[in-house]
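Thanks for coming. I will go through some side-chain contacts and a few backbone details, then stop for discussion.

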Amino acid sequence: MKKTLIALAVLAASSAAMAQSSVTLYGRLDAGLGQTKTTINGVGEKQVGINSSNLNTTYWGLKGSEDLGGGLRANFNLQSRFALDTGAVSGDMFSRLAIVGLSGAFGSVDLGRNYTAYDTLRSATNNVFDSNFATNSAVWGNGIADYSLRTSNSVTYTSPNFSGFSGAVGYAFGENKNVATNVNGSATDTASLHIKYANGPLLVGYAYQEEKQLAVANVQDKNKYNLIGATYDLGVAKIVGSYNTAKNNTLKDKEYSVGVSAPFGAATVAAGYSSSKSEGFNANNKGTGYSLVGTYDLSKRTTLYVGYMQAKTQTVNGSIETKATNVATGIRHTF
Amino acid sequence: MKKTLIALAVLAASSAAMAQSSVTLYGRLDAGLGQTKTTINGVGEKQVGINSSNLNTTYWGLKGSEDLGGGLRANFNLQSRFALDTGAVSGDMFSRLAIVGLSGAFGSVDLGRNYTAYDTLRSATNNVFDSNFATNSAVWGNGIADYSLRTSNSVTYTSPNFSGFSGAVGYAFGENKNVATNVNGSATDTASLHIKYANGPLLVGYAYQEEKQLAVANVQDKNKYNLIGATYDLGVAKIVGSYNTAKNNTLKDKEYSVGVSAPFGAATVAAGYSSSKSEGFNANNKGTGYSLVGTYDLSKRTTLYVGYMQAKTQTVNGSIETKATNVATGIRHTF
Amino acid sequence: MKKTLIALAVLAASSAAMAQSSVTLYGRLDAGLGQTKTTINGVGEKQVGINSSNLNTTYWGLKGSEDLGGGLRANFNLQSRFALDTGAVSGDMFSRLAIVGLSGAFGSVDLGRNYTAYDTLRSATNNVFDSNFATNSAVWGNGIADYSLRTSNSVTYTSPNFSGFSGAVGYAFGENKNVATNVNGSATDTASLHIKYANGPLLVGYAYQEEKQLAVANVQDKNKYNLIGATYDLGVAKIVGSYNTAKNNTLKDKEYSVGVSAPFGAATVAAGYSSSKSEGFNANNKGTGYSLVGTYDLSKRTTLYVGYMQAKTQTVNGSIETKATNVATGIRHTF
């Protein structure tokens with residue numbers, strides 16, 4: 001009997017050894033049949049095809065965590081986004097994520113190319129599961145360009161959880177002082193933070209991000225983003241909502257987003273709506289968008305989906321109307 | 001006690017490996033000493049060097065298969081081709097293969113960048129093991145460009161095996177409607193199919209592929225490929241043969257290929273010959289090529305090889321004669 | 001008996017998994033906070049940021065070794081260098097290393113893109129652990145460009161160890177005969193060798209490398225590098241030193257480097273100094289540099305570091321003075 005236990009212990013230990021392995025190879029693959037159409041003042045063509053990253057972005061990556069003793073860990077994560085329909089990398093090799101750092105009782109510090117602290121709350125409160133059908137990124141940023149999700153040359157501190165409260169601050173160095181495209185000599189760094197409270201069904205938080213812009217006429221401007229967002233899980237459904245302002249020296253946008261998702265066994269349906277309105281001299285800029293998404297889990301790792309997203313925006317003080325629709329059905333597989 | 005030791009040995013052995021079930025990392029590496037020479041109407045230089053992908057293309061990849069229950073599986077495969085002599089990726093990152101799909105009793109459906117259904121029969125009936133010494137791709141496509149092995153934005157259905165009969169159909173969306181380079185507004189999609197019968201020593205099949213071309217003078221043309229191919233394993237030797245026509249609105253080529261390979265213990269020798277002849281206004285286009293290849297297996301995963309290939313083609317109605325020779329000896333290793 | 005079967009079943013299951021362990025995924029990640037400043041004749045800006053590869057170059061890779069029996073092995077190694085602060089690949093995908101080969105009692109032969117045989121001794125005798133804070137590459141190559149660490153299209157033979165003596169020879173084919181940029185028709189190949197004696201605390205060796213240059217006025221020149229280097233481990237400290245000459249038809253440089261490193265428990269401190277002096281018509285070219293580096297091992301795989309390097313060079317016969325400083329503190333993690 002003891003030997004059986006040893007053998008079983010070996011089996012168990014083998015699984016443990018796997019978890020202890022110094023690197024994990026992982027990924028997410030999303031492909032489906034889709035139709036996209038973008039018209040600018042009524043002119044545009046629809047394209048039908050096999051598209052990638054419809055529900056979620058396709059990537060592969062390497063990650064690991066080493067126990068250094070005393071609660072201290074060394075952590076890393078490298079993630080490479082690509083288009084499954086063509087095989088091409090999107091951007092630089094590991095431009096989706098490239099970090100190394102330490103974590104412990106103090107929280108964690110990560111160095112490299114990383115999501116901003118603002119993005120953490122933004123993605124947690126985006127509608128339709130923060131999927132690529134989410135309307136926020138399609139509509140927000142109608143006047144001022146939408147925020148940068150990730151920044152290179154960054155350091156991020158994430159706090160531990162204090163009775164539901166947690167936060168993070170991030171800073172990304174510009175590393176471009178005094179270059180020809182940056183005439184006033186300051187680097188275009190980016191700073192961000194968030195603070196949130198998560199307890200039981202509730203998540204609520206505030207996030208801020210500011211991005212220095214390349215100087216125009218020797219005046220360097222900053223785009224500033226202020227976000228309040230929340231989610232509440234009622235059990236039969238989860239509701240999400242967020243409100244954001246984006247402003248710089250000359251422009252200001254007010255933006256909000258709401259959404260709801262409801263599980264039905266292995267299926268989930270979700271709907272989302274976003275709106276954007278500019279103020280001041282581009283006051284006729286505005287945008288709205290909505291989404292409907294359904295998913296069905298074949299397993300924990302494999303999901304079928306169908307989704308629809310439509311966004312309509314008016315820019316250049318309302319003179320240019322852009323209408324984009326995207327409908328797709330496909331499969332998402334993780335490994 | 002001995003059993004405990006076995007168990008402990010297992011424990012030790014497991015900690016190193018115990019591959020994660022969800023993904024397999026694999027590859028094929030081919031490098032050797034080679035000489036290539038290409039002359040056009042007698043002018044050209046030979047180059048000697050360490051070359052890659054002499055016998056087979058060098059790549060690495062990720063693949064996996066998840067059991068979803070009831071015979072259903074989710075499958076994926078990502079493959080990145082590169083030059084072992086320089087370390088450079090050839091084309092896009094996973095442009096050699098990037099698919100995700102489902103398989104079951106119904107067969108399989110794969111989405112992404114994939115081999116065409118025509119290619120399945122073509123590669124199965126190419127001479128000299130469908131290696132890079134095979135003469136088909138060097139000689140066929142003398143008038144009309146040779147077919148596309150792989151297509152992006154594709155969906156492929158592969159049937160189950162019915163008493164030796166099986167088939168596949170593939171469709172690749174053009175996704176380039178109404179762009180400047182495609183004036184008549186249709187996307188340049190590609191369709192393909194094959195049907196084959198494989199039983200015991202015999203494989204015989206038919207394959208078809210058509211590729212829409214970018215429009216010239218608002219007339220969109222198609223390149224159409226019709227292939228009949230077969231292999232027969234006599235035991236002492238395996239013979240392969242295929243016949244192909246390629247045509248569009250203005251050109252037509254007739255092409256055939258034959259080959260034989262024979263095992264001698266761990267060694268195998270193979271020879272191949274291909275021919276191409278055009279008709280109509282480019283009737284003086286023609287090409288011939290032959291190959292000799294020898295391999296020696298050091299193990300299931302590691303093979304030494306030596307190969308020679310020579311191809312001579314006449315194009316532009318016979319006015320340009322191109323002669324290419326390639327000789328190489330090296331090693332192929334798979335992992 | 002049943003228990004034995006369980007144990008054996010575990011063993012069998014493990015072996016199956018082991019059989020798949022034909023490849024090891026590995027890497028090294030280095031990121032930290034750094035300040036770099038380069039001034040040319042006094043003009044330049046300092047940049048502060050999160051930098052990568054401060055102590056050691058960041059990369060990931062795949063490697064493996066197959067036992068072919070009789071002492072023979074097939075080996076491969078693919079290594080991809082990238083910037084952890086941006087996620088971007090540096091150069092071609094596997095341009096840091098891409099080799100396949102065989103090893104046995106005869107030594108080893110590797111084909112592909114590889115370090116030169118000269119580099120083996122150079123890196124073994126560079127100061128401050130051959131880290132990126134080493135002064136050699138910053139100062140040497142002041143007149144004649146410093147040697148190529150790696151070459152594509154190469155074959156390398158490494159001898160076995162004969163009572164402490166070992167050596168290697170490498171040859172990299174130019175593969176660029178008679179191209180427009182190479183008017184005299186010869187390929188720009190690179191040849192290298194080293195011989196060294198390593199026994200107990202002592203390592204001493206000689207290395208040579210010659211690199212054919214693109215022809216100027218139909219005369220093809222060679223850069224020739226002659227290196228003598230040694231290290232001696234006193235226990236309380238390890239000292240390194242090397243002397244190099246670089247010359248071609250018109251230029252000659254004399255260069256030396258010294259260094260010392262000393263362990264203090266988990267910490268190590270190291271210092272290095274390098275010097276370069278040209279002769280002949282560019283006799284006013286010269287350069288000096290020094291480094292100070294401290295490391296602290298949190299584990300075998302994770303190290304904290306701080307380093308400083310300063311190099312001052314005079315080129316174009318002394319008319320251009322370049323001063324570069326680099327200071328950084330960060331973390332290096334291997335997996």
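Glu279(A) has a relative accessibility of 30%, so it counts as partly exposed. This is a predicted model, so please hear every value as computed from predicted coordinates. The side chain of Glu279(A) meets that of Lys254(A) in a salt bridge, at 3.1 Å from N to O. Lys254(A) sits in strand S13 of chain A and Glu279(A) in strand S14, and the two are 25 residues apart, so this pair links distant parts of the chain. Lys254(A) is also partly exposed, at 33% relative accessibility.

Over all chains the structure has twelve salt bridges. I will show two others.

One of them joins Lys222(A) and Glu210(A), with an N to O distance of 3.0 Å. Lys222(A) belongs to strand S11, residues 222-233, and Glu210(A) to strand S10, residues 202-212, so the contact ties together parts of chain A that are twelve residues apart in sequence. Here the burial is split: Glu210(A) is at 19% and counts as buried, while Lys222(A) is at 29% and counts as partly exposed. The cut-off for buried is under 20% relative accessible area, so the 19% of Glu210(A) falls on the buried side.

The other is in chain B, where Asp146(B) and Arg122(B) form a salt bridge at 2.7 Å, N to O. Asp146(B) lies in the loop between helix H3 (136-139) and strand S7 (150-158), and Arg122(B) lies in helix H2 (residues 117-125), so parts 24 residues apart in sequence are tied together. Which of these two is buried, Asp146(B) or Arg122(B)? Arg122(B) is buried, with a relative accessible area of 2%, and Asp146(B) is partly exposed at 21%.

Staying with charge, Lys277(A) is in strand S14 of chain A, residues 267-279. Its relative accessibility is 39%, which makes Lys277(A) partly exposed. Lys277(A) is part of a surface patch of positive charge, together with Lys37(A), Lys46(A), Lys286(A), Lys312(A) and Lys323(A).

Next, the aromatic rings. The count is 36 aromatic pairs over all chains. Trp60(A) and Trp60(B) make one of them, an edge-to-face pair with 5.6 Å between centres and 65° between planes. This pair crosses between chains, from strand S3 (residues 59-69) of chain A to strand S3 (residues 59-69) of chain B. Trp60(A) is buried at 0% relative accessibility, and Trp60(B) is buried at 0% as well.

Tyr256(A) and Tyr273(A) make a tilted pair, with 6.3 Å between centres and 50° between planes. Tyr256(A) is in strand S13 (residues 252-264) and Tyr273(A) in strand S14 of chain A, 17 residues apart. Tyr256(A) is partly exposed at 38%, and Tyr273(A) is partly exposed at 32%.

Back to the tryptophans: which residues form one aromatic cluster? The members are Trp60, Phe82 and Phe94 from each of chains A, B and C.

Last, the backbone. Asn317(B) is not a glycine, yet has a positive phi of about 55°. Asn317(B) is in the loop between strand S16 (302-315) and strand S17 (320-334) of chain B, and is partly exposed at 34%. Ser53(C), again not a glycine, has a positive phi of about 60°. Ser53(C) is in the loop between strand S2 (46-52) and strand S3 (59-69) of chain C, and is buried, with a relative accessible area of 18%.

That is the list; I will take questions.

Key: Residues are numbered from 1 along each chain as its sequence is written. Chains are lettered from A and ligands numbered from 1 in the order in which they are written. This is a predicted model: local features need pLDDT of at least 70, side-chain atom pairs count only at pLDDT 80 or more; totals for chains, interfaces and linings use all residues. Side-chain values use heavy atoms; hydrogens and water are left out. Patches are made of residues with over 30% relative accessible area and no salt bridge: like charges are joined within 9 Å, nonpolar side chains (Val, Leu, Ile, Met, Phe, Trp, Tyr) within 5 Å. Accessible areas come from the Shrake-Rupley method with a 1.4 Å probe; for residues, only the protein chains shown count as cover. A salt bridge is a side-chain nitrogen of Lys or Arg within 4 Å of a carboxyl oxygen of Asp or Glu. Lys and Arg count as positive and Asp and Glu as negative; His and the chain ends are not counted. The place of a charge is taken as NZ of Lys, CZ of Arg, CG of Asp or CD of Glu. Helices (H or I, at least four residues) and strands (E, at least two) are DSSP runs, numbered from the N terminus. Buried means under 20% relative accessible area, exposed over 50%, partly exposed in between (1.4 Å probe, protein chains only). Rings of Phe, Tyr and Trp (its six-membered ring) pair if their centres lie within 6.5 Å; planes under 30 degrees apart count as stacked, over 60 as edge-to-face and the rest as tilted.
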